[in-house]
Amino acid sequence: MKKIEAIIKPFKLDEVREALSDLGITGLTVTEVKGFGRQKGHTELYRGAEYVVDFLPKIKVEIVIGDDLVEQAMECIIKAAHTGKIGDGKIFVLPVEQVVRIRTGETNEDAI
């Protein structure tokens, strides 16, 4: 099992969710996060004063899936989240040792 964490632009969330649903992935966790990479933030004007926004709003999507779906899920996320502009995001793939569904006690693949 693997955990995929994808950091994407907020307006791409619906497209990513739909693409993953079409793949048969039924559960995901979404968190509003802030950060920056090569974008390095930007400047904004507010009430006549210019200020620097260092941390840009992003969305973190987390899913835990079987090893057989990892490549397909990554492709779905890349296609759905791609704009071609800086700040499209990143995907991280991490190993998952164990999963337990609290309600039923099911473990590992059965709990996903």
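Me: Buried means under 20% relative accessible area. Going by that, is Glu-5 buried or exposed?

Reply: Buried, because its relative accessible area is 15%. Keep in mind that this is a predicted model.

Me: And which residue does Glu-5 form a salt bridge with?

Reply: Lys-3. The closest N and O atoms of Glu-5 and Lys-3 are 3.3 Å apart.

Me: How accessible is Lys-3?

Reply: Lys-3 has 24% relative accessibility, so it counts as partly exposed.

Me: Which other residue forms a salt bridge with Lys-3?

Reply: Glu-62 does, and there the closest N and O atoms are 2.8 Å apart. That pair links distant parts of the chain, with Glu-62 in strand β5 and Lys-3 in strand β1, 59 residues apart. Put Lys-3, Glu-5 and Glu-62 together and you have a network of salt bridges.

Me: Is Glu-62 buried or exposed?

Reply: Glu-62 is buried, since its relative accessible area is 16%.

Me: OK, where does Glu-5 stand relative to β5?

Reply: Opposite Glu-62. So those two acids face each other as partners across the strands, and they also share the network with Lys-3.

Me: Let's stay with the strands. How many bridges join β1 to β5?

Reply: There are 7, and the two strands run antiparallel. β1 covers residues 2-8. Another pair in there is Ile-4, which stands opposite Ile-63 in β5.

Me: Which sense do β1 and β6 pair in, parallel or antiparallel?

Reply: Antiparallel, over 7 bridges. As an example, Ala-6 in that part of the chain stands opposite Ile-91 in β6.

Me: What about β2 and β5, how many bridges there?

Reply: 7 bridges, in the antiparallel sense, with β2 being residues 29-35. Gly-35 has Leu-56 as its bridge partner in β5.

Me: Why is β5 largely enclosed by the rest of the structure?

Reply: Because 7 of its 10 residues, which run from 56 to 65, are buried.

Me: Where is Lys-60?

Reply: In strand β5. Lys-60 counts as partly exposed because its relative accessibility is 22%.

Me: How far is the C-alpha of Lys-60 from that of Val-30?

Reply: 5.7 Å, although Lys-60 and Val-30 are 30 residues apart along the chain.

Me: What happens to side chains along a regular strand, in general?

Reply: They alternate between the two faces of the sheet.

Me: Back to charges. How many salt bridges turn up in the whole structure?

Reply: A search finds 5. One of them joins the side chains of Arg-101 and Glu-106, at 2.5 Å from N to O.

Me: Are Arg-101 and Glu-106 buried or exposed?

Reply: Something in between. Arg-101 is partly exposed because its relative accessibility is 27%, and Glu-106 is partly exposed as well, with a relative accessible area of 30%.

Me: Which residues gather in the patch of negative charge on the surface?

Reply: Asp-67, Asp-68, Glu-109 and Asp-110.

Me: Where does Asp-68 have its place?

Reply: In the loop between β5 and α2, the latter being residues 70-81. Asp-68 has 63% relative accessibility, so it counts as exposed.

Me: And what about α2, where is Glu-75 found?

Reply: In that helix, α2. Glu-75 has a relative accessible area of 48%, so it is partly exposed. The C-alpha atoms of Glu-75 and Ala-19 are separated by 9.6 Å, with their positions 56 residues apart along the chain.

Me: Last topic, backbone. What is the phi of Asn-108?

Reply: Near 50°, which is a positive value in a residue other than glycine. Most residues other than glycine have a negative phi.

Me: Where does Asn-108 lie?

Reply: In the segment after β6, and β6 is residues 89-95. Asn-108 counts as partly exposed because its relative accessibility is 28%.

How values were computed: Residues are numbered from 1 along each chain as its sequence is written. This is a predicted model: local features need pLDDT of at least 70, side-chain atom pairs count only at pLDDT 80 or more; totals for chains, interfaces and linings use all residues. Side-chain values use heavy atoms; hydrogens and water are left out. Buried means under 20% relative accessible area, exposed over 50%, partly exposed in between (1.4 Å probe, protein chains only). Helices (H or I, at least four residues) and strands (E, at least two) are DSSP runs, numbered from the N terminus. Two strands pair if DSSP finds at least two bridges between them. Patches are made of residues with over 30% relative accessible area and no salt bridge: like charges are joined within 9 Å, nonpolar side chains (Val, Leu, Ile, Met, Phe, Trp, Tyr) within 5 Å. Accessible areas come from the Shrake-Rupley method with a 1.4 Å probe; for residues, only the protein chains shown count as cover. A salt bridge is a side-chain nitrogen of Lys or Arg within 4 Å of a carboxyl oxygen of Asp or Glu. Lys and Arg count as positive and Asp and Glu as negative; His and the chain ends are not counted. The place of a charge is taken as NZ of Lys, CZ of Arg, CG of Asp or CD of Glu.
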